[in-house]
Structures are given as structure tokens and as C-alpha cells.
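Trainee: I would like to learn how to read a few features of a model in order, beginning with charged side chains. Could you take me through them one at a time?

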Amino acid sequence: MIKPDAVERGLVGEIISRFEDKGMNLEKIRKLTIDEGLASRLYAEHVEMPFYAELVQFISSGPVIAMEWSGESAISVCRTLMGATDPKEAAPGTIRGDYGIVVTNNLVHGSDSPESAARELEIFFG
Ligand code: DAT
Ligand code: MG
């Protein structure tokens with residue numbers, strides 16, 4: 001998912017290109033604005049974290065681009081292209097390393113397991 005900060009900054013094409021250039025296949029794409037109910041489903045695993053309220057506020061602050069990508073080792077390959085969670089620590093050449101500086105505004109979300117991918121795709125695409 002391309003988060004509101006990246007959509008607002010006009011980085012949608014750049015981010016999609018990075019996954020395509022690597023060899024991933026775009027299966028589905030949808031622009032939507034996440035409301036608080038959807039945000040709480042998406043981020044249920046983080047509900048106890050101190051940054052949860054900020055995360056929900058941010059993710060519902062503007063439109064996002066939800067996507068389904070397929071390909072060889074898609075989850076790990078896509079997360080490698082995204083870079084470390086905190087953009088300050090993300091390597092140059094990664095999306096977060098090249099475009100971010102603040103952990104909340106870290107441009108992209110990527111499912112971290114087949115189970116979370118199935119759950120998150122259901123939320124976005126039914
Ligand atoms: P990732 O997005 O790399 O899978 P995560 O699942 O641990 O990272 O966290 C989800 C999001 O929560 C992350 O993209 C940004 C935010 N976040 C994580 N750790 C944070 C922290 N220490 N302070 C503020 N926001 C944080
Ligand atoms: Mg995560």
C-alpha cells in the first residue's frame with residue numbers, strides 16, 4: 001500500500017515502477033481513503049503500541065493506493081525494496097531510504113507474511 005504521504009507527494013508512479021522494474025506483477029490496484037474503522041482492522045496487531053493513535057490518524061489523513069503484487073518471493077522481495085521501517089535507518093536505494101525521514105510517514109506498507117497478505121487483501125479487495 002502506498003501511504004498518504006507518498007500519494008500527496010506524487011510518488012505513486014515512482015513506487016509502482018520500483019516493484020515493476022524488479023519483476024513483480026501488479027494484480028490489483030485501488031485508490032481509497034481509509035476511515036478509522038478500516039484503519040483499526042488493518043492495524044489490529046499494533047493496537048497496544050504507543051504509536052497506534054498516531055498511526056491510525058496518519059493512515060486516514062488522505063487517500064492511499066492499495067495494491068496486490070505477485071511474483072517470486074513477493075513478500076520478502078517487496079519488503080526489501082521498501083527498506084527498514086524507520087526511514088532514518090533504511091538503506092539508500094530503498095523506497096523509505098530514498099524518500100523518507102520520519103517513521104510515521106514511511107511511504108509504504110507491505111504485508112509481512114502470507115497470512116497477513118490474505119487478511120489485508122480481503123480488507124481492500126473483498
Ligand atoms: P512495517 O511497516 O515495516 O511492517 P511495523 O509493522 O512494525 O513496520 O509497523 C507498522 C507501522 O507503524 C510502520 O510502518 C510505521 C509505524 N511505526 C512502527 N514503529 C514505530 C515507532 N517506533 N514509532 C512510530 N511509528 C512506528
Ligand atoms: Mg508491518
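Trainee: How should I read the pairing of the side chains of Glu14 and Arg18, and what kind of contact is it?

Mentor: Side chains of opposite charge can pair when their charged atoms come close. In this predicted model, the side chains of Glu14 and Arg18 form a salt bridge, with N and O 2.7 Å apart. Because the two residues are four positions apart in helix α2, about one helical turn separates Glu14 from Arg18.

Trainee: Are Glu14 and Arg18 buried or partly exposed?

Mentor: Buried means under 20% relative accessible area, so Arg18, at 19%, counts as buried, whereas Glu14, with 32%, is partly exposed.

Trainee: Which residue besides Glu14 forms a salt bridge with Arg18, and where is that residue found?

Mentor: Asp98 forms a salt bridge with Arg18, and the closest N and O atoms of this pair are 2.9 Å apart. This pair links distant parts of the chain, since Asp98 belongs to helix α6 (residues 95-99) and Arg18 to helix α2, 80 residues apart. Asp98 itself counts as partly exposed, at 35% relative accessibility.

Trainee: How many salt bridges does a search of the whole structure find?

Mentor: The search finds three. Besides the pairs already discussed, Lys28 forms a salt bridge with Glu68, where the closest N and O atoms are 3.6 Å apart. Here too distant parts of the chain are linked, with Lys28 in strand β1 and Glu68 in strand β2 (residues 64-70), 40 residues apart. Both partners count as partly exposed, Lys28 at 38% relative accessibility and Glu68 at 22%. Salt bridges that share partners join Glu14, Arg18 and Asp98 into one network.

Trainee: Turning to the nonpolar side, which residues touch the most other members of the largest nonpolar core?

Mentor: A nonpolar core is read as a set of buried residues joined through side-chain contacts. The largest one in this model has 19 residues, and those touching the most other members are Ile2, Ile15, Phe19, Met24 and Trp69. At least two residues of this core come from each of α1 (4-8), α2, β2 and α5 (74-82), and α5 gives the most, with five residues.

Trainee: Where does Gly23 sit, and how far is its C-alpha atom from that of Glu48?

Mentor: Gly23 lies in the loop between α2 (12-22) and β1 (25-32), and its relative accessibility of 45% makes it partly exposed. Separation along the chain and separation in space are read as two values: Gly23 and Glu48 are 25 residues apart along the chain, while their C-alpha atoms are separated by 36 Å.

Trainee: Last, which residues surround ligand 1, and how do they divide by character?

Mentor: A ligand site can be read by listing its shell and then looking for polar contacts. Ligand 1 is surrounded by Lys3, His46, Phe51, Leu55, Arg79, Thr85, Arg96, Val103 and Asn106, a shell that divides into three nonpolar, three polar and three charged residues. As for the contacts, an oxygen atom of ligand 1 is 3.0 Å from a side-chain N or O atom of Lys3, a polar side-chain atom of Arg79 lies 3.1 Å from a ligand oxygen, and a polar side-chain atom of Thr85 lies 2.5 Å from an oxygen atom of ligand 1. On its own, ligand 1 has 520 Å² of accessible area, of which the protein covers 75%.

Technical notes:
Residues are numbered from 1 along each chain as its sequence is written. Chains are lettered from A and ligands numbered from 1 in the order in which they are written. This is a predicted model: local features need pLDDT of at least 70, side-chain atom pairs count only at pLDDT 80 or more; totals for chains, interfaces and linings use all residues. Side-chain values use heavy atoms; hydrogens and water are left out. A residue is near a molecule or strand if one of its heavy atoms lies within 4 Å of it. A polar contact is a pair of N or O atoms within 3.5 Å; within protein, one must be able to donate a hydrogen and the other to accept it, and residues adjacent in sequence count only if both atoms are side-chain atoms. Accessible areas come from the Shrake-Rupley method with a 1.4 Å probe; for residues, only the protein chains shown count as cover. Ala, Val, Leu, Ile, Met, Phe, Trp, Tyr, Cys and Pro count as nonpolar, Asp, Glu, Lys and Arg as charged, and the others, Gly among them, as polar. Buried means under 20% relative accessible area, exposed over 50%, partly exposed in between (1.4 Å probe, protein chains only). A salt bridge is a side-chain nitrogen of Lys or Arg within 4 Å of a carboxyl oxygen of Asp or Glu. A nonpolar core is a set of buried Ala, Val, Leu, Ile, Met, Phe, Trp, Tyr and Cys residues joined through side-chain atoms within 4.5 Å.
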